[in-house]
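Visitor: I would like a close look at a single part of this structure, please. Could you take me through one helix and its surroundings, step by step?

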Amino acid sequence: MLTRAAIDRVVSAALEEDAPWGDLTSETLIPASATARAALVARVGGVFSGAAVFAAAFTLTDPSIVVEQRVADGERFALGDTLAVVTGPARAVLTAERIGLNFVQRMSGIATLTSRYVAEVAHTGARIVDTRKTTPGLRAIERQAVRDGGGHNHRFSLSDAVMAKDNHLAVLTAQGMSVTQALESAIARLPHTTHVEVEVDRLDQIDAVLAAGVGTIMLDNFSLDDLRAGVSRIAGAAQVEASGGVTLDTVRAIAETGVDVISVGALTHSAPSLDLGLDIRIETA
């Protein structure tokens, strides 16, 4: 999902935003012949994510910069660990520094938070997934970080699957059909490879949705008792997704109800950036 083209597009836009006409400070104060060696160092422990994005910030600024990765995506690291080493022209290293850090701090923060959710449900069969609550323009990068943290991705975009919520069903049933009939009619118009998910917010809505033969039923903001009842009623006839206000304090109990999937918007919209620093040594000729 995170292609080279996607990385180059996002990082190039960030570099252009940060230095639209060059880095005035570095070009004024740093000799053109100066070289730099910069170590990406962990100020806290966590899970690493963003190796290719971090490297692109430097190599797109100056192709002669060399980035040596010391830690792989998805790998845990401790306080004080060196995660990568960057060497090259000092001006270019300093120009790219902030953008490289911004991306790797953000991605490692998401991966680290995701890993905590995954650990909470590891004793169950539940899968932790993200949502579309991502930073506009950065979805591919943030969702890669979720995978690096051991989580999984929900549909990438509105184009990837059918996901009917209450507003969609209200429009369909306004045409005089039942919920089951409306869903069956919609499914009949889809390619057989298209996944269909329907959100419900009450137990008494499940049977009509289940009868239409959908692939996943989302139980939105259900209590734990109602989640257990919903899982029992669906009885394996569809995947069961739990959603709505999931936190680290509640995710374990939600997973233990027997749901298959737990979607967590906080993985991307509330993950704090991880404290990583770039320790730079500049050498002049």
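Guide: Happy to! Let's start where two helices meet: the axes of α4 and α5 cross at roughly 40° and come within 7 Å. Angles under 35 degrees count as roughly parallel, and α4 and α5 are therefore oblique to each other. The crossing in which α4 passes α5 is right-handed. Please keep in mind that this is a predicted model.

Now look at the side chains where they touch. From α4 come Phe103, Arg106, Met107, Ile110, Ala111 and Thr114, and they meet Ile141, Glu142, Gln144, Ala145, Val146 and Asp148 of α5. Sorted by class, this contact of α4 with α5 holds 7 nonpolar, 2 polar and 3 charged residues. A general point may help as you trace the contact along a helix: an α-helix has 3.6 residues a turn, so residues three or four places apart point the same way.

Next, α5 itself. This helix spans residues 139-148 and is mostly covered, with 9 of its 10 residues buried. The buried ones are Arg139, Ala140, Ile141, Glu142, Arg143, Gln144, Ala145, Val146 and Asp148. For a residue to count as buried, its relative accessible area has to be under 20%. What do these buried residues pack against? Besides α4 (90-120), their partners are α1 (4-18), β2 (46-47), α3 (51-59) and α11 (266-269). After α5 comes Gly150, which has a positive phi near 95°.

Two of those partners, α1 and α4, also pack against each other, at an angle of about 130° and with their axes 10 Å apart. That angle makes α1 oblique to α4. The crossing of α1 and α4 is right-handed. On the α1 side, the contact is made by Val10, Val11, Ala14, Leu15 and Asp18, while α4 brings Thr95, Ala96, Arg98, Ile99 and Phe103. The residues of this contact of α1 with α4 divide into 7 nonpolar, 1 polar and 2 charged. Did you spot Phe103 of α4? This residue takes part in the contact with α1 and also in the one with α5.

So, to picture α5 once more: it is a mostly covered helix, its buried residues pack against four helices and a strand, α1, α3, α4, α11 and β2, and it lies oblique to α4.

Note on methods. Residues numbered from 1 in each chain as written. Predicted model: local features only at pLDDT ≥ 70, side-chain atom pairs only at ≥ 80, totals over all residues. Heavy atoms only, no water. Buried < 20%, exposed > 50% of the residue type's maximum accessible area, 1.4 Å probe, protein only. Contact = heavy atoms within 4.5 Å. Axes fitted to C-alpha atoms, helices over the stretch in contact; angles between N-to-C directions. Parallel < 35°, antiparallel > 145°, perpendicular 65-115°, else oblique. Left-handed = near helix turned anticlockwise from the far one by under 90°. Nonpolar A, V, L, I, M, F, W, Y, C, P; charged D, E, K, R; others polar.
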